[in-house]
Amino acid sequence: FLFIIQCFISLAQKPDAILGNWMSENKDKIVHIYKANDLYYGKVVWVKDSSAGKGAGRLDIKNPNASLNNRKIIGINYLLSFAYVSDRNVWKDGTIYNYETGNSYSAKIHLSETGDLELTGYYGILWFLGRTQIWTRTNK
């Protein structure tokens, strides 16, 4: 009986399990996930070619808010306001801001059994039409 309970406890994720640096599926950005006021956010800390200086100066030119078009992509929040739901082992009700298109999407996060981050973005409540990316943890 105790063994069975221990198995269920070990399968349950901890809310802070997503904290740290994550490499996007297409390896073009690293996002640092952090916690603020019991919500989870992800800040862009690296973009492809940024080590050569090209990416470090990239600007948020497609942002629909024209006053933000001159801000650098490094340092912006890519993931916003995710809340952890313990009974479902999911971080949900968050938003993805895609600086490449200037669009924002509703989103949820789940950790796979292998420890990869599954990030699903969708329009409004149409989660079944969403797209999921698999991100990997990185020490970079």
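Is Asn-37 buried or exposed? Keep that residue in mind as a place to begin, and note before selecting anything that the coordinates on the screen are those of a predicted model.

**The whole chain**

Show the protein chain as a cartoon and colour it by secondary structure, which brings out one helix and eight strands. Followed from the N terminus, the elements run α-β-β-β-β-β-β-β-β. Of the 140 residues in the chain, 36% count as buried. If you switch to a surface view, the accessible surface comes to about 8500 Å², and 56% of that area belongs to carbon and sulfur atoms. Among contacts between residues at least 6 apart in sequence, 42% join residues that are at least 24 apart.

**The loop between β2 and β3**

Now select Asn-37, which sits in the loop between β2 (29–36) and β3. Asn-37 counts as exposed because its relative accessible area is 76%, where the cut-off for exposed is over 50%. Its backbone deserves a look as well, for the phi angle of Asn-37 is near 55 degrees, a positive value in a residue other than glycine. Most residues other than glycine have a negative phi.

Add Asp-38 to the selection, a residue placed in the loop between β2 and β3. Its phi is near 65 degrees, again positive in a residue other than glycine, and Asp-38 is exposed, with a relative accessible area of 59%.

**Asp-60 and Tyr-97**

Move next to Asp-60, located in the loop between β3 (39–47) and β4 (77–85). How accessible is Asp-60, buried or exposed? Its relative accessible area is 0%, so Asp-60 counts as buried. Show side chains around it and you will find that, with residues up to four places away in sequence set aside, Asp-60 touches Leu-68, Asn-69, Arg-71, Ile-73, Tyr-97 and Tyr-99. From that list pick Tyr-97, since the side chains of Asp-60 and Tyr-97 make a polar contact of 2.6 Å.

Centre the view on Tyr-97, which belongs to strand β5. Tyr-97 is also buried, its relative accessible area being 6%. Leaving aside neighbours within four places in sequence, the residues in contact with Tyr-97 include Asp-60, Lys-62, Asn-63 and Arg-71, and also Tyr-78, Leu-80, Gly-102 and Ser-104. To see one of these partners along the backbone, draw a distance between the C-alpha atoms of Tyr-97 and Tyr-78, which are 5.0 Å apart in space although 19 residues separate them in sequence.

**The largest pocket and Tyr-105**

Turn now to the largest pocket, whose volume is about 310 Å³. Which residues lie nearest its centre? Of the 16 residues that line this pocket, they are Ile-96, Asn-98, Tyr-105, Arg-131 and Gln-133. Strands β5 (90–98), β7 (117–122) and β8 (131–138) each supply at least two residues of the lining, and β7 gives the most, with three. Coloured by class, the lining shows seven nonpolar, five polar and four charged residues.

Select Tyr-105 from this group, a residue of strand β6. Although Tyr-105 is among the residues nearest the centre of the pocket, it counts as buried because its relative accessibility is 18%, where the cut-off for buried is under 20%. With neighbours within four places in sequence left out, Tyr-105 is in contact with Gly-94, Thr-95, Ile-96, Asn-98, Gly-121, Tyr-122 and Tyr-123, and two of the residues named here, Ile-96 and Asn-98, also appear among those nearest the pocket centre. The side chain of Tyr-105 makes a polar contact of 3.4 Å with the side chain of Asn-103. For a longer reach along the chain, the C-alpha atoms of Tyr-105 and Leu-79 are 26 residues apart in sequence and separated by 9.8 Å.

**The loop between β6 and β7**

For the last stop, select Ser-112, placed in the loop between β6 (103–111) and β7. Ser-112 is buried, with a relative accessible area of 15%, and its side chain makes a polar contact of 2.9 Å with the side chain of Thr-114. Gly-115 lies in the loop between β6 and β7 too, and at 32% relative accessibility it counts as partly exposed. Finish by drawing a distance from the C-alpha atom of Gly-115 to that of Ala-17, a residue 98 places away along the chain, and the separation comes to 9.1 Å.

Key:
Residues numbered from 1 in each chain as written. Predicted model: local features only at pLDDT ≥ 70, side-chain atom pairs only at ≥ 80, totals over all residues. Heavy atoms only, no water. Helix = DSSP H or I, 4+ residues; strand = E, 2+ residues; numbered from the N terminus. Buried < 20%, exposed > 50% of the residue type's maximum accessible area, 1.4 Å probe, protein only. Polar contact = N/O pair within 3.5 Å; in protein donor to acceptor, adjacent residues only side chain to side chain. Contact = heavy atoms within 4.5 Å. 1 Å grid on protein atoms, 1.4 Å probe; cavity = no way out; pocket = protein on both sides within 12 Å on 5 of 7 lines; lining within 4 Å. Points joined across faces, edges and corners; volume = space filled by probe spheres on them. Nonpolar A, V, L, I, M, F, W, Y, C, P; charged D, E, K, R; others polar. Areas by Shrake-Rupley, 256 points an atom, 1.4 Å probe, with all protein chains shown as cover.
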